[in-house]
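Reader: Could you walk me through how to read helix packing and strand pairing in a model? I'd like to see the structure first.

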Amino acid sequence: MIEYKVARAGEEDMQLVHNMAEIVFRHTYREILSAEQMEYMMDWMYSLPNLRRQLDEGHIYHIAYDGERPCGYVSVQPEGIAEDGMPLYHLQKIYVLPSEQGKGLGKILFRTAVAVVRSLTPQLPARMELNVNRNNPAVGFYRHLGMDILCEGDFHIGNGFYMNDYIMGLEIKADLP
């Protein structure tokens, strides 16, 4: 079994995140998004200036490695307090390179996101939410990890493009693995 190492990423690692996104984001959405929307979203989410801006906005990135080889990444962003008074976090990104999918790395990165939420929340419970394209097979992965569909929507992201997403959520308690 592969033993992945997960490390917090800093500004110096954003080129690495960008490089992985060129592979994994394109692979994930190749049959879901138009070529035009793919290019728009790659720039919007993964250009180096936008990755650096995300860090400035509080995104916390981690990169997974198999030895020295990067294999995936995750980012979580604190969003404050939800209407129900619960601390709210957004799982912004969680991607595993196609060559590493099915080996348990996605679950490791998800647990990393949960650990980040726990480390930032003095008093649990907290809620972690994510947007996932309604046509993305990862919906089943997130359900398997305990997330529920909270709602769905079509969210305008600019240039006439929309993200057709579910918003999924997980209540993180002290006893959640």
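**Helix packing, then strands**

Author: Happily! Met14, Gln15, Val17 and His18 in α1 meet Leu48, Leu51 and Leu55 in α3, where contact means heavy atoms within 4.5 Å. This is a predicted model, in which local features need pLDDT of at least 70 and side-chain atom pairs count only at pLDDT 80 or more, while totals for chains, interfaces and linings use all residues. Residues are numbered from 1 along each chain as its sequence is written, and side-chain values use heavy atoms, leaving out hydrogens and water.

Reader: By class, which residues does the contact of α1 with α3 have?

Author: The contact has 5 nonpolar, 2 polar and no charged residues. Ala, Val, Leu, Ile, Met, Phe, Trp, Tyr, Cys and Pro count as nonpolar, Asp, Glu, Lys and Arg as charged, and the others, Gly among them, as polar.

Reader: What are α2's neighbours in numbering, α1 and α3, doing at an angle?Author: Axes are lines fitted to C-alpha atoms, for helices over the stretch in contact, and angles run from 0 to 180 degrees between N-to-C directions. Helix α1 (residues 14–29) and helix α3 (residues 48–56) pack at about 120°, their axes 10 Å apart. That makes α1 oblique to α3, a term for angles outside under 35 degrees (roughly parallel), over 145 (roughly antiparallel) and 65 to 115 (roughly perpendicular).

Reader: How do the strands pair, parallel or antiparallel?

Author: Helices (H or I, at least four residues) and strands (E, at least two) are DSSP runs, numbered from the N terminus, and two strands pair if DSSP finds at least two bridges between them. Here β2 (residues 60–66) and β3 (residues 69–81) are antiparallel, with 7 bridges. Ala64 has Gly72 in β3 as its bridge partner, and Gly72 in turn has Val96 in β4.
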